[in-house]
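Q: I am new to this structure and would like a close look at one part of it. Please take the nonpolar core, and set it against the rest of the chain.

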Amino acid sequence: MIEEMMKKIEAVRDEAMKEVAFVSDAGSAEKWRVKYLGRKGAVPALLTEMGSLEAAERPVIGRQINDLKVVLTDEIERCIGSFAKMGQESAIARERIDITLPGRVIIPGNRHPIRQTMDYVVDIFTGMGFSVFEGPEIESDYYNFEALNVPKDHPARDMQDTFYVDGDSLLRTHTSPVQIHVMESHRPPVFMIAPGAVYRRDSDVSHSPMFYQVEGLMVDEHITFKDLKGVLTTFCRKVFGEKHGVRFRPSFFPFTEPSAEVDISCVMCGGTGCRVCKMSGWMEILGCGMVDPEVFKAVKYDPKKLTGFAFGVGIDRVAMLLYGINDIRLFYENDLRFLEQF
Ligand code: PHE
């Protein structure tokens, strides 16, 4: 009898050890444990079989069964422990950070030099109390020309070579049409500026087919040329510094009378004359003048009661002077080597 029991114990051990080799995860470990160590498992079954043994044989077999139980328990615990370790190792492998790799450089973007100049100019005028308006870039002939006292066939239309979209619509050649929109929809007084893109058929070192202007308009009773000079001189000094020379030179625009162009002393040579200012010592940055009564009539403002002045600043020109750039096309080529310098 005792031999038979010992063989059975051996057989259970062999089978359990063979099967434990196939245990590969928590689920199969639990199945194995139930099969051998569970309440109805093979090891407890051996214990019940002990009933048929002689009293003297029982302690011997009992000890052997107990030993088996300890061995199998150790075995399955070792097994489960190794899964946990493997899981942890693969997680570590997956999450490993290679601190020897070079870092990824983040290159922050910044505003385009034209946009920076635009924001700077707009800030100066809003600081003086002007409000900002915008208008469409595709305009009708009426807003771009007619309402600004440039009738059809007027020679002044040649000053600005126009891109036509179709019969009556065109790409605005200046921001002055925004003056008309604002006066049509607002009662005086009007203190406005209008920044935006404008288009002309023109392209060389100092002309681009698309460029930027900031329009300005100040209309009220008793506005005089003195106000125009005060506002625009202040503007020039703020942009270029107190020491810069500012000059008002008589000019012509159909929508202003009298008209002037404003020059500042050349930022390259300081006024002594160089290639950039064509030896004149001066550089033009804006056009301006007192609003022509014909323009007031077009927007149904009373020219007997109201006066005002208008101006248009070339933003690209200001940017070229501020940054010392002698070719306007650099602004529009999107060459990062150029743009990164701002
Ligand atoms: N619109 C003119 C231009 O583009 C500039 C200007 C604006 C002149 C307002 C006088 C008054 O050249």
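A: What follows starts with the whole chain, goes on to the core, and ends with two single residues.

The model is a predicted one. Its protein chain has 11 helices and 10 strands. The radius of gyration is 45 Å, well over the 20 Å that the globule rule gives for 342 residues, so the chain is more spread out than a compact globule. Along the principal axes, the C-alpha atoms fill a box of roughly 135 × 45 × 35 Å. One pair of residues can be set beside that box: Arg-58 and Val-178 are 120 residues apart in sequence, and their C-alpha atoms are 111 Å apart in space.

Of the 342 residues in the protein chain, 42% are buried. The accessible surface comes to about 19500 Å², and carbon and sulfur atoms account for 55% of that surface. As for contacts between residues at least 6 apart in sequence, 66% join residues at least 24 apart.

Now the core itself. In soluble globular proteins, nonpolar side chains tend to be buried together. The largest nonpolar core here has 48 residues. Phe-125, Phe-235, Ile-285, Leu-286 and Phe-311 have the most contacts inside this core. Helix H8, residues 225-240, gives the most to the core, with 7 residues.

Leu-286 can be followed in more detail. Leaving out residues up to four places away in sequence, Leu-286 touches Leu-232, Phe-235, Ala-260, Glu-261, Val-262, Phe-311, Gly-312 and Val-313. A second core, separate from the largest one, has 24 residues, among them Ile-180, Met-192, Phe-255 and Phe-296.

Two residues remain to be placed. His-244 is in the loop between H8 and strand E7, which covers 246-253. Its relative accessibility is 18%, so His-244 counts as buried, the cut-off being under 20%. Apart from residues up to four places away in sequence, His-244 touches Arg-237, Ile-264, Ser-265, Cys-266 and Val-267.

Arg-58 lies in helix H4, residues 58-95. With a relative accessibility of 35%, Arg-58 counts as partly exposed. Its contacts, with neighbours within four places in sequence left aside, are Met-50, Gly-51 and Leu-53.

How values were computed: Residues are numbered from 1 along each chain as its sequence is written. This is a predicted model: local features need pLDDT of at least 70, side-chain atom pairs count only at pLDDT 80 or more; totals for chains, interfaces and linings use all residues. Side-chain values use heavy atoms; hydrogens and water are left out. Helices (H or I, at least four residues) and strands (E, at least two) are DSSP runs, numbered from the N terminus. The radius of gyration is taken over C-alpha atoms; the globule rule is 2.2 Å times the number of residues to the power 0.38. Buried means under 20% relative accessible area, exposed over 50%, partly exposed in between (1.4 Å probe, protein chains only). Contact means heavy atoms within 4.5 Å. Accessible areas come from the Shrake-Rupley method with a 1.4 Å probe; for residues, only the protein chains shown count as cover. A nonpolar core is a set of buried Ala, Val, Leu, Ile, Met, Phe, Trp, Tyr and Cys residues joined through side-chain atoms within 4.5 Å.
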